[in-house]
Amino acid sequence: MKLDAHIPSGPLTQKWDQHRFDMKLVNPANKRKFDVIVVGAGLAGASAAASLAELGYNVKCFCFQDSPRRAHSIAAQGGINAAKNYKNDGDSVHRLFYDTVKGGDFRAREANVHRLAQVSVSIIDQCVAQGVPFAREYGGLLDNRSFGGAQVSRTFYARGQTGQQLLLGAYQALSRQIGLGRVEMYPRTEMLELVVVDGHAKGIVVRDLINGVVTSHAADAVVLATGGYGNVFFLSTNAKGCNVTATYRAHKMGATFANPCYTQIHPTCIPVSGDHQSKLTLMSESLRNDGRVWVPKRKEDCGKTPASIPDSDRDYYLERKYPSFGNLAPRDIASRAAKEVCDEGRGVGPGSLGVYLDFADAIARLTEPVVRERYGNLFDMYERITGENAYQQPMRIYPAVHYTMGGLWVDYNLMSNLPGLFVLGEANFSDHGANRLGASALMQGLADGYFILPYTIGHYFASQKQTRITTDHPEFKKAQETVSARTRRLLAVKGKRTATSIHRELGKLMWEHCGMARSKESLTAALQKIPALREEFWSNVRVTGENGSLNQDLEYAGRVADFLEFGELLCLDALTREESCGGHFRVEHQEAGECKRDDAHFSHVAAWEYQGEGKSPTRHIEPLTFDEVHLATRSYK
Amino acid sequence: MNLTLKIWRQKDAKDIGGFETHEVREVNPDMSFLEMLDVVNEGLILRGIEPIAFDSDCREGICGACSLVINGTAHGGHKATTACQLHMRKFSDGETITVEPWRARAFPMVKDLVCDRSAFDRIIQAGGFVSVSTGGVPDANAIPVAKEDSDQAMDAAQCIGCGACVAACKNASAMLFVAAKVSHLALMPQGKVERERRALNMVAQMDTEGFGACSVTGSCEAVCPKEIRLDFIARLNREYGRALLHRGGG
Ligand SMILES: Cc1cc2nc3c(=O)[nH]c(=O)nc-3n(C[C@H](O)[C@H](O)[C@H](O)COP(=O)(O)OP(=O)(O)OC[C@H]3O[C@@H](n4cnc5c(N)ncnc54)[C@H](O)[C@@H]3O)c2cc1C
Ligand code: SF4
Ligand code: FES
């Protein structure tokens, strides 16, 4: 298989404009003849569904929550980047492009990233027009802050609830189209199969979560905007329902999965408090703007109260190791640094898996009311979860799985290798390379949905001779049967373990063998253990209830089953990528504790093709070339 | 700590339902309320009994999915706290805790602790938006917005659509929810253009859905996890009155 990214020719800065001109258009009167399925109603899905309906396409949109407003995007706290240069501090499209390519450790496509930086500007305009209440200055203009290792202030925010406000903007745009009858919305509905006819994506099979009824939906194109797969680690900052099911099942139907090993571990999360833990909570990275990260210099001091440790006995290790970025060092780097000091035995709190994030200096400098105004809701959340007051003692934080840069492979048009299957948002692999910068996921999701797909999908429709498929086609019958058979099988095992206990075990295994540090040895071990655990699942899981009504146990077991297959692919990708880059840290490939890339052999995207049960997948390569940005060692020292 | 749970179980919308008692041992005070329910559920599954159905997703107090009446109060009665953010350290050893779903005519029961809140979505579909399509909008800084207005709009926009306000109201009124959206958009210049149409349409849909009338007792404000203020209801009434005056009819 040859993976052609279809990157337009011409100078980087003109590619997107030229491509928009070159793409074929669908006549306005013909748009209503095309049916589009959008799976997912997060930032990417809701913005796409609304925009496509506004253009005149017939849209059906699906999500598993009871309302599209509850997609995981709602939880994003910190902000969204855009190259507006409102602060006059030297930002530009080129700088955002450059920072993103470098931040991604030179493992993203230049052309995609440049386009992302270009359209970032329109996103903010769009959201403001929708009434999104972004933070403002007294003059009435928009406020910005610096975020996640950026040296310019280009992050727009709405208190600590930016994702919520952006999602509500997109949800409201979507709601308007639903009200107008242009989008048919299917909440509490889970996509369980992709239907491919003659190599083209032509529909999906879904299960109604309330009554278990399985139905088919045919369309001229299928858009997956189903989010990331961080929950393969069980504990992550993702919502409980986040899963790999939609993308993994599309993968099994032929869509290649790119760079699954690129996962992001976020440095500022609340540490685990016990075995009951069901998820981890992120403390927004914006806290690092004013908080200082430290651990005691000596192991012996770790048990002492932080206040009793004088400054001279504290190790502000980020400031020490990365003087120019200090506490704002990028996520992957800050996470590894935390792991390192904890591995040395200098961690604090239960299990010694924590570091301090201290606001004492900020409070002294800015006063408590100012700190409260900036971060009050985060301090409140911290107190609710831990019972500790972070105005009086430092927060304890530890890294946790947060975001997945890998995803289904897409070309420049956001189309997968299966024609007619488009993939948006966190579900695709496109723009962040091996590490995503803070406040760039919201930007990417909305760029994909508002400003890229609406153009590229039209081009697909206009360039293909469309064959109409209905749900009577045998492929739909086959897919429905696959779904029903899987359900029957899950209910029939009647074993002795809960799906949660197996998921927890998988997560622990992934975290230990394929987390912040990965080695040939650990990955080889994981590749042996995962199939055994999968075996255990299919012979010993207990799924209660029946198919014909709301059955959360059954839904969840289906997702765990997919994680048990997908985890293996993730580890295989990590084993094959014999270099360190961004969030992928192979202990064999390092220089003074930092990532050591191997550009000669790994400057490429790895996209895996499914070959059938029990067979190893095939690894395809899309070479990455860098014309605009010079490949360099990423240094934040 | 050890606890006794009295939990509402109801097979489906048609079932009459009733309380079921569960003894829960060795609860870790650092658990969230939902994690405690997870533990109960795992025990049930191992005994081949269907787990207690409840909605949750983010478990961070922002998605609005969780919806439990705990000891008679929506979300459990701790200031600005959703059920998912409520931690077991707030309860005492040996306590008996009752857990029920939201109950309101406009939120039909689905199963156990799960109800159907799609009425809220339909209210938004009726007018809770600014009618702009993608593209062709002015530069974000073209229209300055006073910080005070934008801050107030944000206070209202924080609503997570959980429905606790309805569950807490003796009339099962949705006024606080509707007031939050109407106020958010009416406070922003971008939303002002359609303010009248919006207020009329959203209120009409609210009535169609079967939510009760508002008698301003404030029980909604008391349980609202996002501290949406009662004065937004006053603003909604003003917006609605203004719309009636200008447009006539309801
Ligand atoms: C705690 C937290 C904070 C974050 N903060 C920031 C931030 O400040 N800035 C930033 O840029 N990024 C942030 N991120 C990342 C960002 O929020 C996400 O990457 C982004 O919102 C993903 O959007 P999405 O539309 O791709 O997917 P999601 O919002 O996850 O939406 C997925 C949709 O797909 C649906 N779905 C999934 N599977 C199925 C299926 N099988 N069938 C039917 N429907 C399905 C779901 O119902 C949902 O509607 C944060 C992430 C987390 C976890
Ligand atoms: S107003 Fe408050 S209680 Fe009502 S739905 Fe919104 S957040 Fe929930
Ligand atoms: S689960 Fe999201 S608010 Fe409680």
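**Ligand 2 and the two domains of chain B**

Let me begin with ligand 2, around which, taking a residue as near when one of its heavy atoms lies within 4 Å, we find B:Phe120, B:Cys159, B:Ile160, B:Gly161, B:Cys162, B:Gly163, B:Ala164, B:Cys165, B:Leu176, B:Cys224, B:Pro225 and B:Ile228. This shell divides into 10 nonpolar residues, 2 polar and no charged, where Ala, Val, Leu, Ile, Met, Phe, Trp, Tyr, Cys and Pro count as nonpolar, Asp, Glu, Lys and Arg as charged, and the others, Gly among them, as polar.

A word on the basis of all this: the model is predicted, with local features needing pLDDT of at least 70 and side-chain atom pairs counting only at pLDDT 80 or more, while totals for chains, interfaces and linings use all residues. Residues are numbered from 1 along each chain as its sequence is written, chains are lettered from A and ligands numbered from 1 in the order in which they are written, and side-chain values use heavy atoms, without hydrogens and water.

Turning to chain B as a whole, an automatic or database domain assignment divides the chain into domain 1 (3-111) and domain 2 (118-247), whose C-alpha centres lie 29 Å apart. Their contact, meaning heavy atoms within 4.5 Å, takes 18 residues from domain 1 of chain B and 18 residues from domain 2 of chain B.

How many salt bridges are there between the two domains? The count is 1 salt bridge, defined as a side-chain nitrogen of Lys or Arg within 4 Å of a carboxyl oxygen of Asp or Glu, and the side chains of B:Glu227 and B:Lys79 meet in a salt bridge at 2.7 Å, N to O.
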